[in-house]
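Subject: Structure handover

Hello,

Here is the structure I said I would pass on. Please open it first and keep it in view while you read the notes below.

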Amino acid sequence: MNQLELVSHSTRQTQDLGKIIGGLASAGDIIFLVGNLGAGKTNLTQGIAKGLDVTENALSPSFVLVREMYGRLPLYHIDLYRLDLSEEIEELGLDDYFYGSGVTVVEWADKADELLPTENLRIEIAYLDENKRKLTLSAWGIRYEELLNEIAQRVKDAGFNSH
């Protein structure tokens, strides 16, 4: 597993990171987001959507669980916040999204670790202060190690601060 730690100093910078990730994403990519309420998971997803050329705003799907949006590739935005039991999560049939033709982003992925694919890009977002976030990107699998290396190069070119 490879890791990259970054510090974002604003919601815009977090969205810019998302745009980089979305721009590099390929069909079948799976991105797990972990962090406390208000850490910036949906904000990062909005950036990923922009990087995929999705024109609609990626709102948190907390009440519908899954939102599908369309751009260069479909974006499947899944939010597990309201689910507590692994049985509830298992009944959602998420494999159709994970192994489909789009990019799947799962907020609150830590609620279902044992049910989710082991190969993924996992992004943990930690609240540092009102505007500042620490983002830890972890690659699980060869595809995601390659993706992480590409992200690392792009964020370096964009002047992101590594931690």
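Of the contacts in the chain with a separation of 6 or more, 65% are between residues 24 or more positions apart. Please keep in mind that this is a predicted model.

The overall layout comes next. The chain has 5 helices and 8 strands. Read from the N terminus, the elements follow the order β-α-β-α-β-β-α-α-β-β-β-α-β. The chain has 163 residues, and 51% of them count as buried.

Now the core. In soluble globular proteins, nonpolar side chains tend to be buried together. The largest nonpolar core here holds 46 residues. Among the residues with the most contacts inside this core are Leu17, Leu121, Ile123 and Ile151. Ile123 shows how distant parts of the sequence meet: beyond its neighbours within four places, Ile123 touches Ile21, Ile31, Phe32, Leu33, Val34, Leu44, Leu135, Thr136 and Leu137.

Helix 1 covers residues 11–24 and includes Gln13. Is Gln13 buried or exposed? Gln13 has a relative accessible area of 17%, and buried means under 20%, so Gln13 counts as buried. Once neighbours within four places in sequence are set aside, the contacts of Gln13 are Val7, Ser8 and Phe160.

Helix 1 packs against two other helices, and I take them in turn.

The partner in the first case is helix 2, residues 41–51; the two helices pack at about 45°, and their axes are 6 Å apart. Helix 1 is therefore oblique to helix 2. The crossing of this pair is right-handed. Helix 1 contributes Thr11, Thr14, Gln15, Leu17, Gly18, Lys19, Ile21, Gly22 and Gly23 to the contact, while helix 2 contributes Asn43, Leu44, Gln46, Gly47, Ile48, Lys50 and Gly51. Sorted by class, this contact has 4 nonpolar, 10 polar and 2 charged residues.

The partner in the other case is helix 5, residues 142–157, with an angle of about 135° and axes 10 Å apart. Helix 1 is therefore oblique to helix 5. This crossing, too, is right-handed. On the side of helix 1 the residues are Leu17, Ile20, Ile21 and Leu24, and they meet Arg143, Leu147, Glu150, Ile151, Arg154 and Val155 of helix 5. What does this contact consist of by class? There are 7 nonpolar and 3 charged residues, and no polar ones.

Back to helix 2. How many of the residues of helix 2 are buried? The count is 10 of 11, so helix 2 is mostly covered. Its buried residues include Lys41, Asn43, Leu44 and Ile48. The buried residues of helix 2 pack against helix 1 and against five strands: strand 2 (30–35), strand 4 (74–79), strand 5 (103–107), strand 6 (120–127) and strand 7 (133–140). After helix 2 comes Asp53, with a positive phi near 65°.

Last, a residue in one of those strands. His77 lies in strand 4. With a relative accessible area of 0%, His77 falls under the 20% cut-off and is therefore buried. His77 and Thr104 are 27 residues apart along the chain, yet their C-alpha atoms are separated by 6.1 Å.

Regards

Notes:
Residues numbered from 1 in each chain as written. Predicted model: local features only at pLDDT ≥ 70, side-chain atom pairs only at ≥ 80, totals over all residues. Heavy atoms only, no water. Core = buried A, V, L, I, M, F, W, Y, C linked by side-chain atoms within 4.5 Å. Buried < 20%, exposed > 50% of the residue type's maximum accessible area, 1.4 Å probe, protein only. Contact = heavy atoms within 4.5 Å. Helix = DSSP H or I, 4+ residues; strand = E, 2+ residues; numbered from the N terminus. Axes fitted to C-alpha atoms, helices over the stretch in contact; angles between N-to-C directions. Parallel < 35°, antiparallel > 145°, perpendicular 65-115°, else oblique. Left-handed = near helix turned anticlockwise from the far one by under 90°. Nonpolar A, V, L, I, M, F, W, Y, C, P; charged D, E, K, R; others polar.
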